[in-house]
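Reader: I'd like to practise reading side-chain features in a model. Could you walk me through some with the structure in view?

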Amino acid sequence: MVYGKLSAQENFTGYINPEVSLKLNNETLWSYQFGIAQRDIVYYDIEDRRNFREEIKFQGQFIELNHYTSRSVGKYGKITGGVRYRFIEIYTKKQNEIRFSEQYTHTHNLKKFALAHRLRLAQRFRVKNTFRTRYRFSVIVPLNPQLQTKDHKKLNLATTVEGVWEFGKEETPNYGIRYSNYLNYAIFKDTSINFGLEYRYRDFTRNPYTQIFLVSALKVSL
């Protein structure tokens with residue numbers, strides 16, 4: 001991967017965020033997902049830049065274990081409760097943290113594409129507890145519609161826009177926007193991979209800063 005820093009944005013950070021998840025389906029309305037993820041920050045070494053060497057370095061941020069339990073509601077809806085635990089102390093002096101989330105998703109498959117809405121509430125427990133309200137709108141377009149059958153879905157392009165509102169007892173409320181594009185490719189009937197980029201413009205009402213994520217995921221359904 002090649003990472004470049006834009007000269008017009010000094011407050012800019014890049015990340016790599018791979019994830020593997022296993023989803024358990026059954027004949028009921030319930031489903032369960034278990035996953036593991038890891039995040040690295042990508043940056044230029046300051047000393048190397050002073051020595052006129054453009055060297056990219058990586059620094060681990062955390063390893064995450066997560067679980068989500070979902071129940072289908074109606075024809076298009078789903079409610080989900082989740083927990084995520086992040087092991088941060090193995091990389092930095094910051095404390096490990098736990099996150100809880102509750103969400104509702106509504107996905108409607110149209111003739112040539114699908115539309116999805118997601119409303120999520122999240123609680124992040126650490127030294128300073130943070131609460132989030134998030135709304136995401138997604139459009140999923142098949143790139144090879146001639147192969148899009150029930151048992152053979154090959155390649156999709158997903159575009160999402162999400163608004164995030166963060167607040168806490170010791171934090172001033174702030175707002176952010178996330179935009180992402182990623183490809184979903186079905187390797188087998190029950191196995192797919194995601195690969196794409198996510199752009200985040202955070203805290204734009206007070207002290208704005210920008211992040212970009214290289215996102216990859218392997219998803220297996222049983």
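Reader: Let's start with contacts: which residues does L24 touch, not counting residues up to four places away in sequence?

Author: Happy to help, and keep in mind that this is a predicted model. Leaving out residues up to four places away in sequence, L24 touches S31, Y32, F34 and L222. L24 itself lies in strand β1. For one of those partners, F34, the C-alpha atoms are separated by 8.5 Å, with L24 and F34 10 residues apart along the chain.

Reader: Is L24 buried or exposed?

Author: In between: its relative accessible area is 32%, so L24 counts as partly exposed.

Reader: Now for the aromatic rings. What describes a pair of them?

Author: A ring pair is described by how far apart the centres are and by the angle of the planes. Here, a search of the whole structure finds 8 aromatic pairs. One of them is Y15 with F213, a stacked pair at 4.7 Å centre to centre and 15° between the planes. Y15 belongs to strand β1 (residues 12–25) and F213 to strand β11 (residues 209–221), so this pair ties together parts that are 198 residues apart in sequence. Y15 and F213 are both buried.

Reader: How does the pair of Y85 and F87 read?

Author: Their ring centres are 4.9 Å apart and the planes are at 70°; planes over 60 degrees apart count as edge-to-face, so Y85 and F87 form an edge-to-face pair. Y85 is partly exposed, at 33% relative accessibility, and F87 is partly exposed too, at 30%.

Reader: Which residues form an aromatic cluster?

Author: F100, F125, F131, W165, F167 and Y175 form one.

Reader: Back to the stacked pair. Which residue lies over the face of Y15, and which over the face of F213?

Author: For Y15, look at R39, which lies over the face at 5.9 Å from the ring centre. For F213, look at R200, placed over the face at 4.1 Å from the ring centre.

Reader: Let's finish with a polar side chain. With which side chain does the side chain of N184 make a polar contact?

Author: With the side chain of N194, at 2.5 Å. N184 is found in strand β9 (residues 171–188). Not counting residues up to four places away in sequence, N184 touches K154, L155 and N156, along with S192, I193 and N194. So N194 turns up both in the list of contacts and as the polar partner of N184.

Notes:
Residues are numbered from 1 along each chain as its sequence is written. This is a predicted model: local features need pLDDT of at least 70, side-chain atom pairs count only at pLDDT 80 or more; totals for chains, interfaces and linings use all residues. Side-chain values use heavy atoms; hydrogens and water are left out. Rings of Phe, Tyr and Trp (its six-membered ring) pair if their centres lie within 6.5 Å; planes under 30 degrees apart count as stacked, over 60 as edge-to-face and the rest as tilted. Helices (H or I, at least four residues) and strands (E, at least two) are DSSP runs, numbered from the N terminus. Buried means under 20% relative accessible area, exposed over 50%, partly exposed in between (1.4 Å probe, protein chains only). A charge sits over a ring if NZ of Lys or CZ of Arg is within 6 Å of the ring centre and within 35 degrees of the ring normal. Contact means heavy atoms within 4.5 Å. A polar contact is a pair of N or O atoms within 3.5 Å; within protein, one must be able to donate a hydrogen and the other to accept it, and residues adjacent in sequence count only if both atoms are side-chain atoms.
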